[in-house]
Amino acid sequence: MVVKGTILSGMRPTGRLHLGHQSVLDNWVGLQDEYNCFFMVADWHALTTGWEESKEIGQNTLEMVADWLATGLDPNKSAIFRQSRILQHAELHLMFSMVTPLSWLERVPTYKDQIQKLGEIGKDINTYGFLGYPLLQAADILLYKANAVPVGEDQLPHIELTREVARRFNHLFKPVFPEPQGIVKKEVAVLPGIDGAKMSKSYHNYISIGADPEEIKKNVNLMITDPARIRKTDPGNPEVCVVHKFHRIYNPDLLESIEEACRGGRIGCVACKKQLAGSLEQHSAGVRERRQEILSKPGYIEEVLRDGEERARVVAGKTMEEVREAIFGGQA
Ligand code: TRP
Ligand code: SF4
């Protein structure tokens with residue numbers, strides 16, 4: 001029998017997901033047959049930067065898990081669960097905090113970066129919890145002895161820290177943990193927001209996964225095109241146009257003819273946008289339908305989560321027994 005490797009990944013529950021999340025989510029969906037998968041709603045992580053909005057986390061969790069399921073995460077294959085329901089995450093985080101040098105955490109690139117960025121918009125995240133965020137993430141991953149962690153590129157420093165923590169624990173006590181690898185799906189091109197900046201909820205420049213035709217139309221109309229183009233017969237430059245970046249991902253077969261028509265002044269931006277909106281609508285229709293179906297079954301998502309939590313708890317409990325034994329020896 002071939003023993004499957006283990007995958008753990010998670011997202012902070014920020015509500016409905018957008019097209020910027022799609023490639024990570026597609027990556028998760030594709031790994032479900034090959035690996036033993038754990039997909040976690042990182043609700044404690046959401047508190048580290050959003051404790052003021054703590055009452056929104058429950059609803060945001062439902063919205064996000066609806067997107068996960070509608071996109072193809074399958075509760076029969078993968079354990080889908082809330083971090084806050086598996087208390088072993090907190091215990092392992094505490095154990096790691098005893099042996100992790102402070103400098104390792106201060107050195108994580110997102111740390112000073114985020115404090116400064118959020119400070120600029122008047123948010124103070126100078127807390128103990130925020131400093132420990134990557135260590136909590138290490139506990140999430142190692143609790144399930146994951147071999148691989150499919151994430152976006154921005155998370156790689158956290159995976160590196162996780163490897164260092166695993167190595168240190170194994171060396172100080174007993175070899176309990178594998179050193180996990182980050183899996184990043186290399187995109188040919190990263191999808192920008194409708195204004196050309198990084199797609200993000202806080203910039204209000206996103207299109208939701210499973211968006212309805214109205215949202216799609218409105219946002220495609222707002223996309224920035226080649227600003228030098230005034231009449232439709234003016235030759236355009238697709239390289240500077242957001243619509244083109246979306247066509248590249250959603251209409252790869254038509255890309256060349258769109259580029260030629262744009263450069264030759266044979267297609268207007270209005271028509272070009274109409275074509276994109278049509279393809280996006282086609283893409284999102286299936287997800288939208290499944291999403292509505294999932295949300296219309298009362299209690300269904302709660303049931304999926306509870307079932308996933310039961311499965312996660314068994315594995316987490318086993319690991320913590322090993323961890324206690326490794327730290328305290330047989331007497332504890
Ligand atoms: N830090 C991740 C993010 O912001 C979320 C996360 C929490 C996570 N724990 C994790 C991702 C464990 C992968 C593995 O997106
Ligand atoms: Fe962009 Fe299309 Fe207009 Fe060219 S024709 S600038 S690709 S929207």
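In this predicted model, Lys 145 is partly exposed, because its relative accessible area is 24%, a value that lies between the limits of 20% and 50% used for that class. The residue belongs to the loop between helix 8 (133-143) and strand 4 (148-150). Its backbone also deserves attention: the phi angle of Lys 145 is near 50°, which is a positive value in a residue other than glycine.

His 204 invites a parallel reading. Although His 204 is not a glycine, its phi is positive, at about 55°. This histidine is found in the loop between strand 5 and helix 10. With a relative accessible area of 66%, His 204 is classed as exposed, because the class begins over 50%.

The loop between strand 5 and helix 10 (213-222) also holds Gly 210. Is Gly 210 buried or exposed? Its relative accessibility is 7%, so Gly 210 counts as buried, the limit being under 20%. A distance helps to place this glycine within the fold: the C-alpha atoms of Gly 210 and Leu 92 are separated by 37 Å, and the two residues stand 118 residues apart along the chain.

The discussion now turns to contacts between charged side chains. The count of salt bridges comes to 15. One of them joins Arg 291 to Glu 63, with 2.9 Å between the closest N and O atoms. This pair links distant parts of the chain, for Arg 291 lies in helix 13 and Glu 63 in helix 3 (residues 57-71), 228 residues apart. Where accessibility is concerned, Arg 291 counts as buried, because its value is 7%.

A further group of contacts centres on Glu 179. The side chain of Glu 179 meets that of Arg 163 in a salt bridge, at 3.6 Å from N to O. Because Arg 163 lies in helix 9 (residues 156-172) and Glu 179 in the loop between helix 9 and strand 5 (181-183), the pair ties together parts that are 16 residues apart in sequence. Arg 163 is buried, with a relative accessible area of 17%, whereas Glu 179, at 31%, counts as partly exposed. Glu 179 also forms a salt bridge with Arg 167, at 3.1 Å from N to O. Arg 167 lies in helix 9 and Glu 179 in the loop that follows towards strand 5, so this pair ties together parts that are 12 residues apart in sequence. The relative accessible area of Arg 167 is 40%, and this residue is therefore partly exposed. Elsewhere, salt bridges that share partners join Arg 82, Glu 302, Arg 306 and Glu 309 into one network.

The spaces within the protein can be considered next. How many cavities of 30 Å³ or more does a search of the whole structure find? The search finds one. The largest cavity has a volume of about 130 Å³. Its lining comprises 15 residues, and those closest to the centre are Arg 229, Cys 241, Cys 262, Cys 269 and Cys 272. Helix 11 (242-250), helix 12 (255-263) and helix 13 (269-296) are the elements that give two or more residues to this lining. By class, the lining of the largest cavity has eight nonpolar, four polar and three charged residues.

What takes up the space of the largest cavity? That space is taken by ligand 2. The residues around ligand 2 are Thr 225, Asp 226, Arg 229, Cys 241, Val 243, Cys 262, Ile 267, Cys 269 and Cys 272. By class, this shell has six nonpolar, one polar and two charged residues. Cysteine counts as nonpolar in this classification, so the cysteines around ligand 2 fall within the nonpolar group.

Finally, there is a pocket to describe. The second largest pocket has a volume of about 190 Å³. Among the residues that line it are His 93, Leu 94, Ser 97, Tyr 128 and Gly 129. Helix 4 (88-99), helix 5 (102-106) and helix 7 (128-131) each supply at least two residues of this lining. By class, the lining of the second largest pocket has six nonpolar, five polar and no charged residues, whereas the lining of the largest cavity includes three charged residues.

Terms used. Residues numbered from 1 in each chain as written. Chains lettered and ligands numbered in written order. Predicted model: local features only at pLDDT ≥ 70, side-chain atom pairs only at ≥ 80, totals over all residues. Heavy atoms only, no water. Near = heavy atom within 4 Å. 1 Å grid on protein atoms, 1.4 Å probe; cavity = no way out; pocket = protein on both sides within 12 Å on 5 of 7 lines; lining within 4 Å. Sits in = over half its atoms within 2 Å of the grid points. Points joined across faces, edges and corners; volume = space filled by probe spheres on them. Helix = DSSP H or I, 4+ residues; strand = E, 2+ residues; numbered from the N terminus. Salt bridge = Lys/Arg side-chain N within 4 Å of Asp/Glu carboxyl O. Buried < 20%, exposed > 50% of the residue type's maximum accessible area, 1.4 Å probe, protein only.
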